[in-house]
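Reader: I've got a sequence and a 3D structure open, and I'd like to learn how to read them. Could you walk me through it?

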Amino acid sequence: MKKLFTFSIALALAAHLMADSVRVFKCSEDGIPGQTEPQFMGLSMSADGHYICGTVQQGGGIFIADSFTGSVKFNLDGEYSSELRSVDNFGKAIGFIDDDGVLYSFDTEEISSLNVPDGYRYVLGEGLSDDGSVMVGELTVQSFDTMAAFSAGDGAWTPLPNPSDAELGDLKDKFSNSSAAKFVSSDGKVILGHMGSFTYPIVWTRNDAGEYIPDFFPARFVKAVEADRYDDSKPLYGITAMFTCMSHNGKYVGTVGLIANETNTDTRLVPVIYNTEDKTLKIYSESQTIDAMDMGLYPRAIADDGTFIGTVASPSSPDGNLGAFIMKAGDEQAQLFVEVFPAFNEQLGESDLIGQNLPTGISADGNYILGYTYYSADYDIDSDDPAYYITYVLSVDDSGVDQIASGNSVAPVAVFSIDGRSLTHMQKGLNIVRNSDGSVSKILKR
């Protein structure tokens with residue numbers, strides 16, 4: 001591996017707005033060697049919200065960051081495709097650099113290759129349990145088909161079992177032999193992946209003997225043949241593995257399903273949440289107030305209580321979106337980020353409204369949200385400040401000081417009132433801020 005480059009994102013204090021705050025991750029123009037428009041795209045967040053990881057767009061690189069301090073570390077060894085896909089609570093991330101599955105440690109700055117079993121071309125890492133003891137991903141065979149696999153306790157990578165023909169039911173002819181594992185729960189007991197080329201989602205659950213048992217739940221809910229048309233126990237006309245997510249506790253799996261409309265004359269896409277514990281399916285079939293112009297809601301990440309976030313997009317172009325939404329646990333109506341998060345709306349609302357914002361992760365408790373967005377100061381094509389991708393962490397529990405990454409300043413580590421009282425965040429009036437380099441600043445918050 002080439003030399004690792006490390007830098008600390010600088011933090012500057014911004015105006016505090018109600019109950020949410022935004023921390024933005026970007027770097028100066030010369031922050032990454034050879035990059036004039038460095039672009040961080042955050043893809044995953046640890047269960048406790050402490051660490052984030054992702055890819056350096058246009059650089060074939062990977063990055064991992066401490067979202068609490070703003071420190072970022074990255075590597076630019078990739079030639080065409082490099083990503084970190086998951087990170088645990090200790091700052092260890094899994095992913096790949098080109099065809100080499102890797103682990104990257106935030107603390108030691110070491111990148112190690114995943115061991116490929118005999119008879120396979122390579123292994124690509126996708127998910128980590130909270131403590132990093134269970135890894136999931138896919139093994140690529142000589143024919144370039146992939147097999148869902150896991151590694152537990154530093155053991156060898158082992159293929160996950162395929163469902164039997166009886167478990168596949170009438171869907172058995174709908175996909176190829178390929179499979180992949182994408183997510184693993186905090187305790188390593190539940191794995192989410194897909195059969196075929198993102199054709200159908202599948203869950204594996206570890207039993208008391210340590211074996212992972214497949215739960216191909218689409219077979220129980222999808223109308224696969226004409227005889228299923230009037231079978232009310234199978235409410236879906238389709239379900240996709242392209243847009244799947246799983247809560248850190250492994251209880252909830254989110255994706256989109258195809259249901260008939262109210263008059264049974266057409267179909268529409270709606271969010272569906274599968275409960276891996278009681279094997280039930282929640283279908284969000286109610287019409288949405290934000291679901292205009294035949295747009296659909298696409299879940300991208302889900303918290304342990306069932307709250308999920310995602311994008312509003314056209315079924316014909318789900319990768320292009322018209323804003324980010326949050327569906328809180330127990331609610332039937334989704335809300336847009338720009339409507340419920342004032343600080344987010346002020347700082348990143350314009351990029352969200354033009355469809356350039358993608359939320360990608362949420363902490364187990366739902367207090368932190370990760371995403372990336374195409375950002376510019378004014379979105380003027382002739383501007384001297386061009387647009388580029390930045391990563392953000394949205395704090396929705398008011399647990400910290402609003403912070404924006406920029407420049408070469410240092411991180412604030414403590415906030416005090418003018419009479420010396422310790423504060424959890426800046427208050428109106430004069431605040432005394434102690435920075436990580438020992439310096440002290442006076443900040444007037446209006």
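Reader: Let's go straight to D215. Is D215 buried or exposed?

Author: Buried means under 20% relative accessible area, exposed means over 50%, and partly exposed is in between, using a 1.4 Å probe and protein chains only. D215 has a relative accessible area of 8%, so D215 is buried. Keep in mind that this is a predicted model, where local features need pLDDT of at least 70, side-chain atom pairs count only at pLDDT 80 or more, and totals for chains, interfaces and linings use all residues. Residues are numbered from 1 along each chain as its sequence is written, and side-chain values use heavy atoms, with hydrogens and water left out.

Reader: Which side chain does D215 meet in a salt bridge?

Author: Here's the general idea: side chains of opposite charge can pair when their charged atoms come close. We call it a salt bridge when a side-chain nitrogen of Lys or Arg is within 4 Å of a carboxyl oxygen of Asp or Glu. D215 pairs with R220, at 2.9 Å from N to O. R220 is partly exposed, with a relative accessible area of 35%.

Reader: How many salt bridges does the structure hold?

Author: Ten. Take K234 and D228, whose side chains meet at 3.5 Å, N to O. K234 counts as buried at 15% relative accessibility, and D228 counts as buried at 7%. There's also a network: E83, R85, E126, E138 and K182 are joined by salt bridges that share partners.

Reader: What can you tell me about E138 and K182?

Author: Their closest N and O atoms are 3.7 Å apart. The pair links distant parts of the chain, 44 residues apart, with E138 in strand β13 and K182 in strand β16. Helices (H or I, at least four residues) and strands (E, at least two) are DSSP runs, numbered from the N terminus. E138 is buried at 8% relative accessible area, and K182 is buried at 16%.

Reader: Okay, strands next. How do I read a sheet?

Author: Two strands pair if DSSP finds at least two bridges between them. In a regular strand the side chains alternate between the two faces of the sheet. Here, four strands form an open sheet in the order β12-β13-β14-β15, with antiparallel pairing. Its edge strands, β12 (122-128) and β15 (158-159), each pair on one side only. Two bridges join β14 (residues 146-152) to β15, and A149 stands opposite P159 in β15.

Reader: Where would I look for a hairpin?

Author: Try β9 and β10, which form one with two residues between them; D98 in the turn has a positive phi of about 55 degrees. Strand β9 (residues 92-97) pairs with β10 over six bridges, in the antiparallel sense, and G95 stands opposite V102. Then β10 and β11 form a hairpin with five residues between them, and E109 in that turn has a positive phi of about 60 degrees. Five of the six residues of β10 (residues 100-105) are buried, so β10 is largely enclosed by the rest of the structure.

Reader: Last one: which residues touch the most other members of the largest nonpolar core?

Author: A nonpolar core is a set of buried Ala, Val, Leu, Ile, Met, Phe, Trp, Tyr and Cys residues joined through side-chain atoms within 4.5 Å. The largest has 34 residues, and L160, I191, F216 and L236 touch the most other members. Apart from it lies another core of 33 residues, among them I273, A303, F325 and F344.
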